[in-house]
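Here's a quick tour for anyone about to open this model at the bench. Have the viewer ready and follow along.

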Amino acid sequence: MKRLHFEDIEVGHSLTPLVKGPITTAHAFRWSAAMENWHKIHYDLPFTLEHEKLPGLLIAGSLKQQFVVQLLKDWVSQCFEPAGWVWKISYEFRAMSVVGETLSVWARVTGKRKTPDYGLIDLEIGIVNQEGMESTPGKATVALPYRGGPALPVPFVPPVEMAADAAKETG
């Protein structure tokens, strides 16, 4: 597999989706235990259905977040070399995902920006279930090296002017 560079990417390019599932009760429970999230809606089906009146055991939002990061990290780190870095991710939880669903994490390139030392790729991201229902739309920005340019710094340091803009967005 060739190493990924800024020049290789075109606006409109879609990443190969990351498919997870079907998500089982064991997946949901183990993730909740690892995160020390003891809310019963992730592992106690009678409680979830009868007390909370939910459609099933919920897949934790933090697990869905991890799926998005995995897709982007794997894309920018091809060949086991950290070619690029995931810089920013934002998303909204707009629908519940329940145990039994198969989730597909997707991303599409929406823009490219140059900085003096590397390029930034903007993406639209999301997670859909097997029925095509979008539950987690959002945006992300990753940094990739230029072909023939220097490697990205470790740890990644965003461009000063863009880091200030990002701070304004979240502050």
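What pLDDT does the protein chain average, and what share of the residues score at least 70?

## Confidence

This is a predicted model, and the protein chain averages a pLDDT of 90. A score of at least 70 is reached by 89% of the residues.

Confidence isn't even along the protein chain: E1 has the highest mean, at 98, and H4 the lowest, at 61. Where pLDDT is low, the predicted coordinates should not be read in detail.

## Overall layout

The protein chain has four helices and five strands. Going along the sequence, they follow the pattern β-α-α-α-β-β-β-β-α.

There are 171 residues in the protein chain, and 40% of them count as buried. Take the contacts between residues at least 6 apart in sequence: 68% of these join residues at least 24 apart. On the outside, the protein chain exposes about 9,500 Å², with carbon and sulfur atoms supplying 58% of that area.

## The start of the chain and Arg147

Have a look at the segment before E1, where you'll find His5. Is His5 buried or exposed? His5 is buried, because its relative accessible area is 16% and the cut-off for buried is under 20%. Leaving aside neighbours within four places in sequence, His5 is in contact with Leu144, Pro145, Tyr146 and Arg147.

Arg147 turns up again in a salt bridge with Asp8, where the closest N and O atoms are 2.3 Å apart. That pair links distant parts of the chain, 139 residues apart: Asp8 is in the segment before E1, and Arg147 is in the loop between E5 and H4. Both ends count as partly exposed, with Arg147 at 47% relative accessibility and Asp8 at 24%.

## Other salt bridges

How many salt bridges does the count come to? The count comes to five. Side chains of opposite charge can pair when their charged atoms come close.

Another of them joins Arg108 and Glu124, at 2.5 Å from N to O. Here the link runs from strand E3 (residues 103–114), which holds Arg108, to strand E4 (residues 119–129), which holds Glu124, and the two residues are 16 apart. Arg108 is partly exposed, with a relative accessible area of 31%, and Glu124 also counts as partly exposed at 31%. Then there's Lys73 with Asp74, whose closest N and O atoms are 2.7 Å apart. Lys73 is partly exposed at 41%, and Asp74 is partly exposed at 37%.

## Aromatic rings

Searching the whole structure turns up five aromatic pairs. One of them is Tyr91 with Phe93, a tilted pair with 5.9 Å between centres and 50 degrees between the planes. Tyr91 counts as partly exposed at 25% relative accessibility, and Phe93 is partly exposed too, with a relative accessible area of 44%.

Ring pairs also link Trp87, Tyr118 and Phe156 into a cluster. Trp87 has a charged visitor as well: the charged end of Lys88 sits over the Trp87 ring, 4.8 Å from its centre. Elsewhere, the charged end of Lys40 sits over the ring of Phe47, 5.2 Å from its centre.

## Backbone oddities

Which residues does a cis peptide bond with omega of about 5 degrees join? That bond joins Gly21 and Pro22. Pro22 is in the loop between strand E1 (18–20) and helix H1 (25–34). There's also a cis peptide bond from Val154 to Pro155, with omega near 0 degrees. Pro155 is in the loop between strand E5 (138–144) and helix H4 (160–170).

Positive phi is worth a look too. Glu36 is not a glycine, yet has a positive phi of about 55 degrees. Glu36 lies in the loop between H1 and helix H2 (45–51) and is exposed, with a relative accessible area of 61%. Lys53, not a glycine either, has a positive phi of about 60 degrees. You'll find Lys53 in the loop between H2 and helix H3 (61–76), and at 64% relative accessibility Lys53 counts as exposed.

Technical notes: Residues are numbered from 1 along each chain as its sequence is written. This is a predicted model: local features need pLDDT of at least 70, side-chain atom pairs count only at pLDDT 80 or more; totals for chains, interfaces and linings use all residues. Side-chain values use heavy atoms; hydrogens and water are left out. Rings of Phe, Tyr and Trp (its six-membered ring) pair if their centres lie within 6.5 Å; planes under 30 degrees apart count as stacked, over 60 as edge-to-face and the rest as tilted. Buried means under 20% relative accessible area, exposed over 50%, partly exposed in between (1.4 Å probe, protein chains only). A charge sits over a ring if NZ of Lys or CZ of Arg is within 6 Å of the ring centre and within 35 degrees of the ring normal. Contact means heavy atoms within 4.5 Å. pLDDT is the predictor's confidence in each residue, from 0 to 100. Accessible areas come from the Shrake-Rupley method with a 1.4 Å probe; for residues, only the protein chains shown count as cover. A salt bridge is a side-chain nitrogen of Lys or Arg within 4 Å of a carboxyl oxygen of Asp or Glu.
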